[in-house]
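Thanks for coming, everyone. Let me put the structure up and walk you through it.

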Amino acid sequence: MTDWCMVIDLEKCVACQGCSIACRMENNTPVVSPEEAKNGRAIRWNDVFPLPVHIAPDQGEYPNVKTHYSTRPCMHCKNAPCVKVCPVQATYIDEEGIVRQNYDRCIGCRFCTMACPYGVRYFNWFEPQWEETLAEYRNPDQLSVNGSLEGPAVRPVGVVEKCTYCVHRLEKAKARAKAEGRDFRADEYVPACVQTCTGKARFFGDLDDPNSTVSQLSKSLRATHLLEDSGAHPKTLYLAEG
Amino acid sequence: MQQTLTLHDRDELLTPLYQFDRKFWTTIAALVLVIAPGILLYIRQLVLGLGVTDLNRPVFWGAYLVNFIFLIGVSMAGTVISATLLLLKVNWRRPITRIAESLTVFGLMTAGLQIIMDMGRPDRLVFTLLYGRLQAPLMWDIASLTLYLLTAIFALYLQLLPDIALLRDTAPATAPEWRKKLYTILSLNWRGNKEQWTRLEKAMLVVSIFIIPIGISLHTVTSWLFSTTVQPGWKSTILGPYFVVGAIYSGIGLLFIATTFARYYNKHLKEYITEKFYENLGWFFIVMSGVWFYFTLNETLVATTEQETLEFPVVAAKLFGEFAPAFWGMNLLMIAATWILVAPKFVSDKPSRNLFLQTTTGLAATAISVVIFALLSLRLPALSDPNLQTGLLLAFFLFFLLALLGVTKWLKTRLITATVIASAFVLFGMWLERWNVLMPTLTHARLAPYTTYHPTVTEIAVTISTFGILTLMFVVFYKFFPSVSVWEVEEGRALEQGSGD
């Protein structure tokens with residue numbers, strides 16, 4: 001069975017935030033005003049932030065300063081704390097190991113956002129809005145599961161949303177393979193952030209296939225997980241700096 | 001003798017139910033004024049979304065959840081206390097059981113409202129029934145809350161039944177027709193024969209036995225909402241019993257305030273709810289404050305010394321940081337409440353000429369200590385000098401001690417006033433305690449920058465409105481039913497006379 005996994009090489013990451021922008025365009029993430037963003041209302045499925053989070057990012061004296069950055073999609077945990085606490089099964093792990101969110105089911109209790117130690121889940125505080133021209137560039141892709149919208153579909157107010165490893169791209173790739181009458185191969189699909197990555201720091205593939213790039217990289221001595229102590233068994237892997 | 005007393009009882013307890021005087025309408029009007037802004041702002045929140053609150057990432061839960069925990073906490077008192085006292089066959093319980101049990105019902109109803117107000121999609125509430133996952137802690141809470149509410153309503157109804165029949169039989173000719181009809185339907189054809197009494201007593205006993213574990217389960221499960229997550233500060237096994245203890249503690253506080261409110265409202269109640277009740281339940285209140293301090297020390301001390309790098313910022317925020325006013329304010333309120341209950345028991349009634357025991361000294365010292373506490377809480381840059389801060393802190397403790405000493409004599413002669421002040425302190429302190437459990441953890445997330453949370457007008461108005469609704473339910477309910485259980489009081493009198501006391 002396919003087990004999707006992302007590997008992020010922090011050595012190669014230049015913190016350009018390209019992944020964050022690509023994700024925003026691909027997944028129709030609403031834009032919020034600067035004041036709202038300052039108040040912690042910005043939605044970034046794929047965030048880029050300085051590490052460690054709680055200490056002043058710049059270390060050293062100008063011009064010899066040093067800053068570490070990390071980039072964070074959803075960890076798609078095997079033991080996902082968010083899935084465990086959802087009272088209505090609005091979030092679930094599919095057969096291919098992707099933690100997904102059903103916007104039509106979510107009741108907006110925000111327990112998952114509380115339970116997630118990585119803070120990858122975002123809430124729609126207001127009706128999502130786009131400035132005039134931006135709205136025209138929304139991704140028209142739709143992903144419908146049993147009649148309810150997922151993935152890049154525009155979210156209603158009051159529900160939780162999160163990174164899906166661009167699951168609608170996966171569905172599209174599978175449909176294309178089917179239309180061409182051949183088997184779907186795991187290297188036919190990557191999320192938007194992987195496709196756009198400036199430093200080629202992101203890798204994506206099937207962890208179940210021992211020959212895939214991600215499988216090989218996961219055996220690296222630099223391979224590590226974010227907040228390993230959380231017990232969530234995150235699947236997104238990091239290759240540590242240095 | 002017994003017969004005359006009974007008639008006299010009924011007259012005093014039942015007649016006010018049909019008197020819609022000016023006082024009643026003024027109360028209702030005042031309550032509507034208190035409730036209205038919250039409802040209007042909540043409608044605005046429904047239209048615009050939860051963005052009108054100050055909730056953000058990572059502070060996803062706020063004042064509504066604090067209210068929720070607080071309200072289910074205060075609802076603990078009623079039924080569990082009245083059930084415990086019934087099982088222990090304590091006789092002074094009789095005049096207060098009705099108020100206690102109704103508080104549980106109203107508290108749980110308003111607590112349920114908080115959850116709905118906190119939901120991003122209240123229109124999807126029914127999904128919890130359609131697609132509910134029993135593995136999710138929130139579903140345990142919903143199940144427990146529903147069960148507790150239904151059991152509490154059942155317990156209240158059982159206890160009301162003979163009184164409803166009494167109301168049906170004694171309704172004055174001037175009473176409106178629909179009220180008579182209501183009592184007739186609700187009385188379920190109660191005739192008060194021997195078999196009905198036997199069954200009622202058996203049923204009340206069974207409900208009393210069942211409601212205690214159900215009540216404890218609700219408060220424990222609510223703590224599990226937090227302790228089953230991996231957030232720093234919540235990973236604690238002590239939260240369950242801590243919440244239960246806090247619930248009983250604040251519940252007794254609300255019970256005291258509600259009974260005193262009822263006494264003030266219907267002057268005749270003073271003959272039923274006597275000082276004996278304040279004295280006896282007051283002792284239990286003192287014991288609970290001791291247990292509460294034990295748990296608070298446990299919770300704080302362990303987190304301070306356990307060297308958890310992620311938990312320490314949370315504790316530090318409580319002890320010295322932005323949550324210090326709330327944390328120390330809570331502790332000081334509880335200390336003051338305990339002192340108010342305990343200290344008068346150790347002084348004599350006689351007026352003293354000792355300067356430290358004068359009421360004026362006490363009040364002046366109270367004012368000064370409040371000012372110093374406010375100065376310390378505001379963290380003015382002008383007062384940032386460490387020596388000055390230490391001086392202020394020492395002055396605060398000195399004046400706080402003087403305040404406690406000074407008011408003791410005054411409190412000695414006013415048992416009920418003292419109990420109400422202590423109850424108000426405990427209630428406010430317990431609200432702050434819930435706040436101190438939730439907010440420091442929420443503002444100190446692992447992978448998001450530390451943030452702050454200041455409730456907006458919407459949240460404050462909705463909170464005020466919630467307590468207004470609680471009071472309104474209380475006032476309206478006791479216009480329909482007597483606030484003292486007539487049959488239980490009569491039974492108590494009969495028992496007392498029978499045993500020759």
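**A core residue and its surroundings**

Start with Leu255 of chain B. Leaving aside residues up to four places away in sequence, Leu255(B) touches Ala77(B), Gly78(B), Ile81(B), Ile99(B), Ala100(B) and Leu103(B). One caution before we go on: this is a predicted model.

Leu255(B) belongs to something bigger. The largest nonpolar core has 191 residues. Leu255(B) is among those with the most contacts inside that core. So are Ala77(B), Ile248(B), Ile252(B) and Ala337(B). Chain A is on that list too, with Cys82(A) and Cys86(A). Which helix gives the most to this core? Helix H3 of chain B, residues 63-87, with 17 residues. As background, nonpolar side chains tend to be buried together in soluble globular proteins.

**Chain B as a whole**

Now step back to the whole of chain B. How many helices and strands does chain B have? The count is 17 helices and 0 strands. The radius of gyration of chain B is 24 Å, and the globule rule gives 23 Å for 501 residues. Those values are close, so chain B is as compact as a globular protein of that length. Along the principal axes, its C-alpha atoms fill a box of roughly 75 × 70 × 40 Å. Of the 501 residues, 44% count as buried.

What about contacts along the sequence? Take the contacts in chain B between residues at least 6 apart in sequence. Of these, 84% join residues at least 24 apart.

Two local details in chain B. Arg57(B) and Pro58(B) are joined by a cis peptide bond, with omega about 10 degrees. Pro58(B) sits in the loop between helix H2 (22-48) and H3 of chain B. Then look at helix H17 of chain B, residues 486-498. H17(B) has 13 residues and reaches 18 Å from its first C-alpha to its last. That is close to the 18 Å expected at 1.5 Å a residue. Which residues of H17(B) are buried? Val486(B), Trp487(B), Glu488(B) and Val489(B).

**Where the chains meet**

Next, the contact between the chains. On one side are 34 residues of chain B, and on the other 37 residues of chain A. Two helices of chain B, H5 (127-130) and H6 (137-170), each supply at least two residues to chain B's side. H6(B) has the largest share, 3 residues. By type, chain B's side divides into 19 nonpolar, 10 polar and 5 charged residues.

**A sheet in chain A**

Over to chain A. Here we find an open sheet of 4 strands, in the order S10-S1-S12-S11, with mixed pairing. S10(A) and S11(A), residues 223-224, stand at the edges. Each has a single partner strand, so one side of each is left without a neighbour in the sheet.

How do the pairs run? S1(A), residues 4-9, pairs with S10(A) in the antiparallel sense over 5 bridges. There, Cys5(A) stands opposite Gly205(A). S1(A) also pairs with S12(A), residues 237-239, in the parallel sense over 3 bridges. In that pairing, Ile8(A) stands opposite Tyr238(A).

Is S10(A) buried or exposed? Of its 5 residues, 202-206, 5 are buried, so S10(A) is largely enclosed by the rest of the structure.

**Loops in chain A**

Finally, four loop residues in chain A. First up is Lys200(A), in the loop between helix H7 (192-196) and S10. Lys200(A) is not a glycine, yet its phi is positive, about 50 degrees. It is exposed, with 10 other C-beta atoms within 10 Å.

Cys166(A) also has a positive phi, near 50 degrees. Its loop runs between strand S9 (160-161) and helix H6 (167-179) of chain A. Cys166(A) counts as buried, with 28 C-beta neighbours inside 10 Å.

Then Pro63(A), in the loop between strands S2 (47-51) and S3 (68-72) of chain A. A cis peptide bond joins it to Tyr62(A), with omega about 0 degrees.

Last comes Asp141(A), between helix H5 (132-136) and strand S7 (143-145) of chain A. Asp141(A) counts as partly exposed, with 16 C-beta neighbours inside 10 Å. Setting aside residues up to four places away in sequence, it touches Pro152(A) and His168(A). Asp229(A) is 88 residues away along the chain, and the two C-alpha atoms are separated by 37 Å.

Methods:
Residues are numbered from 1 along each chain as its sequence is written. Chains are lettered from A and ligands numbered from 1 in the order in which they are written. This is a predicted model: local features need pLDDT of at least 70, side-chain atom pairs count only at pLDDT 80 or more; totals for chains, interfaces and linings use all residues. Two residues are in contact if their C-beta atoms, placed from the backbone, lie within 7 Å. Ala, Val, Leu, Ile, Met, Phe, Trp, Tyr, Cys and Pro count as nonpolar, Asp, Glu, Lys and Arg as charged, and the others, Gly among them, as polar. The radius of gyration is taken over C-alpha atoms; the globule rule is 2.2 Å times the number of residues to the power 0.38. A residue is buried if 20 or more other C-beta atoms lie within 10 Å of its own, exposed if 12 or fewer, and partly exposed in between; C-beta atoms are placed from the backbone. Two strands pair if DSSP finds at least two bridges between them. A nonpolar core is a set of buried Ala, Val, Leu, Ile, Met, Phe, Trp, Tyr and Cys residues joined through C-beta atoms within 7 Å. The expected span of a helix is 1.5 Å times one less than its number of residues.
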